[in-house]
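Student: I have a chain in front of me and would like a close look at its salt bridges. Could you walk me through them in one go?

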Amino acid sequence: MARILTGITSSGKPHLGNILGAILPGIELSEQKNNESLFFIADLHSIISVKDAALVKEHTKAIAAAWLAFGFNTDNNIFYRQSRIPEVTELTWYLNCHTPFPMLQNAHAFKEKSNKLADVNAGLFTYPVLMASDILMYDANIVPVGKDQQQHLEMTRDIARSFNHYYNEEIFVLPEAKIDEEVMTVPGTDGQKMSKSYGNTIDVFLPEKQLRKNVMRIVTDSTPLEEPKNPDTCNVFALYKLLASPARVEEMRNNYKGGNYGYGTAKQELYEVILEKYAKERALFNELMNNPDTIESKLLQGEEKAREIGIHVLKRVRKVLGFNR
Ligand code: TRP
C-alpha cells in the first residue's frame, strides 16, 4: 500500500493552480487500488500571511469544497484540517531542533518571499519544518506537489534521514515527491507561477461575469491584431494548452500564427473552455458552499482517522527523545 499525502494552504481561495497542481493529480492517485490518501487544508501555514480568522475559515471552507466538487472520496480516504491535529506542532518543535539553520536559509521560497513580503516572521522561515511534520507524521510515501515545492520535499527527506540516522532507528518513512511534468507550473495572469501570494490567480469557481473579468486580466504583449503572434510566449495560450483538447489547442496555435487574431478572442475562448470543462464542478462547489454542514461533517470524520495515524508516529518520536509517558 502506498500512502499519498498533500496539502493546500488556506491563505487564499482555491485557484486553477491548486486544481491542476494538487487536487486533480491527488484525486487520480487516490483512486488507484491499494492507495490510501490524506489530503488536508494547511490552515496553520496560512497564518504566516493571513491574520484574519474569518478569512482563513472562509478559505478553508472553499478549499474543502473544491476537493469535494472534484470528486474526492472522503469515505475511503482521509480529509482534514491541519490545525485539528495540533500534535503536528509538537513534532515541528522536535524537528526544528534537528534541522540545520543553514538548510532553512537556503530555501528558495523563503529567499524569494522574504524579499517581497512586509511581514517576514519566524513562521515563514520555519515553514518547511512544519511541512516536513505534515508529511512525516503520517508515514506518507508519495507527495504530489508543484515544482515549486520540490526543494521542500528534499528538505523533508534530509530531515527524516538524518533523524533516523542519529537515533539509529527507522522512525520516519522517507517520502517521495510526485511532480507532474506537464503541469510543472501553472502560469498566473501575469506569467509568474500562479500563486495566492502573487495575486495572479484564476478562480474557476467565480460567477460567470467575474470569471470572465478574471480571464480578461491576463497580461499579453502589444502585438497588433493583424500581426502573427507567438503562442509559445503567451500566457493565454499556456493556460489554454492545459485545459483544451489537443485539436482545439492546435487550432488556437494556427490562429496565433496566422494573424488577424486578437488576444481578446483568445481570452474569450479560454474563458469558454473553463466554463465548459468545469461546469459540473462549478455547480457542485456552489451547492457545497451553501451547505457548510456537509463540508464540516466530512472534515470531522477525517480528523479522527488522521489523528490515529499521527499519534502513532509521534509516539515513536517521543520515545527516542525520552518524552514518552
Ligand atoms: N507548502 C505547500 C504549498 O504551498 C502546502 C503544504 C503544506 C503541503 N504542507 C504540505 C504540501 C505537505 C504537501 C505536503 O503548496
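Here is a guided look at the salt bridges, with a little context at either end.

Tutor: Happy to! Please keep in mind that this is a predicted model. To set the scene, the secondary structure of the chain comes to 14 helices and five strands. The radius of gyration is 21 Å, which agrees with the value near 20 Å expected for a compact globule of 325 residues. Buried residues make up 50% of the chain.

Now to the bridges themselves: the count comes to twelve. One of them pairs Glu303 with Arg84, with 3.8 Å between the closest N and O atoms. This pair links distant parts of the chain, since its partners are 219 residues apart. Glu303 belongs to helix α14 (residues 292–321), while Arg84 sits in the loop between β3 (78–81) and α4 (87–96). Their surroundings are worth a look too: Glu303 has 6% relative accessibility and therefore counts as buried, whereas Arg84, at 33%, is partly exposed. The two also take part in a network of salt bridges, in which Arg81, Arg84, Glu296 and Glu303 are linked.

Next, turn to the bridge between Asp232 and Arg253, where the closest N and O atoms are 3.2 Å apart. Asp232 is in the loop between α9 and α10 and Arg253 is in helix α11 (residues 246–258), so this bridge ties together parts that are 21 residues apart in sequence. Here the acidic partner, Asp232, counts as exposed at 52% relative accessibility, because the cut-off for exposed is over 50%. Arg253, in turn, counts as buried, with 17%.

A bridge within one helix is formed by Arg161 and Asp158, whose closest N and O atoms are 3.1 Å apart. Both residues lie in helix α8 (residues 150–167), three residues apart, or about one turn of the helix. Arg161 is partly exposed at 40% relative accessibility, and Asp158 is partly exposed at 34%.

Finally, some charged residues to set beside these pairs: Glu28, Glu31, Asp180 and Glu181 gather in a patch of negative charge on the surface. Patch members have no salt bridge and over 30% relative accessible area. Asp180, for one, has 34% relative accessibility and counts as partly exposed. You will find Asp180 in the loop between β5 (176–178) and α9 (208–216).

Methods
Residues are numbered from 1 along each chain as its sequence is written. This is a predicted model: local features need pLDDT of at least 70, side-chain atom pairs count only at pLDDT 80 or more; totals for chains, interfaces and linings use all residues. Side-chain values use heavy atoms; hydrogens and water are left out. Patches are made of residues with over 30% relative accessible area and no salt bridge: like charges are joined within 9 Å, nonpolar side chains (Val, Leu, Ile, Met, Phe, Trp, Tyr) within 5 Å. Accessible areas come from the Shrake-Rupley method with a 1.4 Å probe; for residues, only the protein chains shown count as cover. A salt bridge is a side-chain nitrogen of Lys or Arg within 4 Å of a carboxyl oxygen of Asp or Glu. Lys and Arg count as positive and Asp and Glu as negative; His and the chain ends are not counted. The place of a charge is taken as NZ of Lys, CZ of Arg, CG of Asp or CD of Glu. Helices (H or I, at least four residues) and strands (E, at least two) are DSSP runs, numbered from the N terminus. Buried means under 20% relative accessible area, exposed over 50%, partly exposed in between (1.4 Å probe, protein chains only). The radius of gyration is taken over C-alpha atoms; the globule rule is 2.2 Å times the number of residues to the power 0.38.
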